[in-house]
Amino acid sequence: MHIPDGFLSPEIAAFMWIISMGFLIWSWKKAKSVYNQSLASSLAVSSAFVFVAQMLNFPIVYGTSGHLVGGTFLAMILGPYAAILSMTIVLLMQALFFADGGIFALGANIFNMAVIGGLSFFLVKLLSGNVEKGRRFYISVFTASWISVVLGALACSLEIGFSPIFSEVGGIAVTVPAMLFWHVLIGLGEAAITTTFITQLYRLRPTALNGLTFMRKGMLCED
Amino acid sequence: MRGLIKTLVLILVGFAFLAPFASTDPDGLEKVAETLKIEEPENIWNGLMPDYTLPTVRSPYLSTVLAGFFGVFMVLGASFALGKVVAKSGK
């Protein structure tokens, strides 16, 4: 889902940068007030995990592949704010060192994957009714991670669809259904992997799931 | 700290093991562009290791794994630093 440079019109790329910067400043400010020193190691390891997972594409159908984005996974480990920051670092490194996702398109990519992924925390919270265990919780994680990929793809299809290169070949009328078709399927992979990892972590290392403490204590409602 | 290193080793080993099985098919967005016959434009910036390969390493497997390891440490370092800064300015 990483948009390369050249797909987006300068206006859309700039607009997405502004939106994403807004979210980054917001998560930075929120993060400052909620996290303590233990954040650094869990942030480092979970970002590294997501970076690696994004390199491991799994095949879906008709010669297309997908990979874990990891937004909901990060949100469960780190909570929404650090999840947004963590994914932004992954995307930044991918763009800088590996030309995976463009530099000008980075604002859009941050929105599609980091912001939507991190905010999926609130979807899990809503769907699970604030109960961070049991079947309902796992179903919520599954659903939220699927939705986060589909929504990210929808945002991506709008961004490219309104840009000249793609509007010449049909614009959003073509890009939206095409992107959704693939990502409804890719999202199932995302959901399966995310749910598996969260379930296993819950069983083996429940302390790793820091994001859940946010749900439990309702720390998000503090201010 | 020990837990951190253990998890990191697990991530690196898991990656080295799974890398050969990763699909090289186009991803969702690449497929859509391909179907619409849109050429991916020439990159403005190619990065140090375009497409996660080290240009100087012959073996494709080794090339990808080394690029991946490099990326892991960059991401790890940047995230750790960010985590320290965020937490320090708070409590």
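## Where the two chains meet

Chain B touches chain A through 46 of its residues, which are in contact with 54 residues of chain A. The model is predicted.

Three helices of chain B each supply at least two residues of the side that touches chain A: helix 1 (2–18), helix 2 (28–35) and helix 3 (60–90). Helix 3 of chain B gives the most, with 16 residues. By type, the side of chain B that touches chain A divides into 27 nonpolar, 13 polar and 6 charged residues.

## Helix 3 of chain A against helix 4

Now to chain A. Helix 3 covers residues 71–78, and helix 4 covers residues 80–98. Their axes come within 7 Å and cross at roughly 130°. That angle makes helix 3 of chain A oblique to helix 4 of chain A, because an angle outside the roughly parallel, perpendicular and antiparallel ranges counts as oblique. The crossing of these two helices is right-handed.

Which residues of the two helices meet? From helix 3 of chain A come A:Gly71, A:Leu74, A:Ala75 and A:Leu78. They meet A:Pro80, A:Ala82, A:Ala83, A:Ser86 and A:Met87 in helix 4 of chain A. The residues of this contact divide into 7 nonpolar and 2 polar, with no charged.

## Helix 3 of chain A against helix 5

Helix 3 of chain A also packs with helix 5 (residues 106–128) of chain A. Here the angle is about 60°, and the axes are 7 Å apart. Helix 3 of chain A is therefore oblique to helix 5 of chain A. The crossing is right-handed.

Helix 3 of chain A brings A:Gly71, A:Thr72, A:Leu74 and A:Ala75 to this contact. Helix 5 of chain A brings A:Met113, A:Ile116, A:Gly117, A:Gly118, A:Ser120, A:Phe121 and A:Val124. The residues divide into 6 nonpolar and 5 polar, and no charged residue takes part.

A:Gly71, A:Leu74 and A:Ala75 appear in the contact with helix 4 of chain A and in the contact with helix 5 of chain A.

## Helix 8 of chain A: span and kink

Helix 8 of chain A has 33 residues (residues 172–204). How does its length compare with the expected span? At 1.5 Å a residue, helix 8 of chain A should span 48 Å. Its end C-alpha atoms are 45 Å apart, which agrees.

Helix 8 of chain A also has a kink. The kink is about 30° and is centred on A:Val184.

Key:
Residues numbered from 1 in each chain as written. Chains lettered and ligands numbered in written order. Predicted model: local features only at pLDDT ≥ 70, side-chain atom pairs only at ≥ 80, totals over all residues. Axes fitted to C-alpha atoms, helices over the stretch in contact; angles between N-to-C directions. Helix = DSSP H or I, 4+ residues; strand = E, 2+ residues; numbered from the N terminus. Parallel < 35°, antiparallel > 145°, perpendicular 65-115°, else oblique. Left-handed = near helix turned anticlockwise from the far one by under 90°. Contact = placed C-beta atoms within 7 Å. Nonpolar A, V, L, I, M, F, W, Y, C, P; charged D, E, K, R; others polar. Expected span 1.5 Å × (residues − 1). Bend = angle between axes of the 7 residues up to and from the residue.
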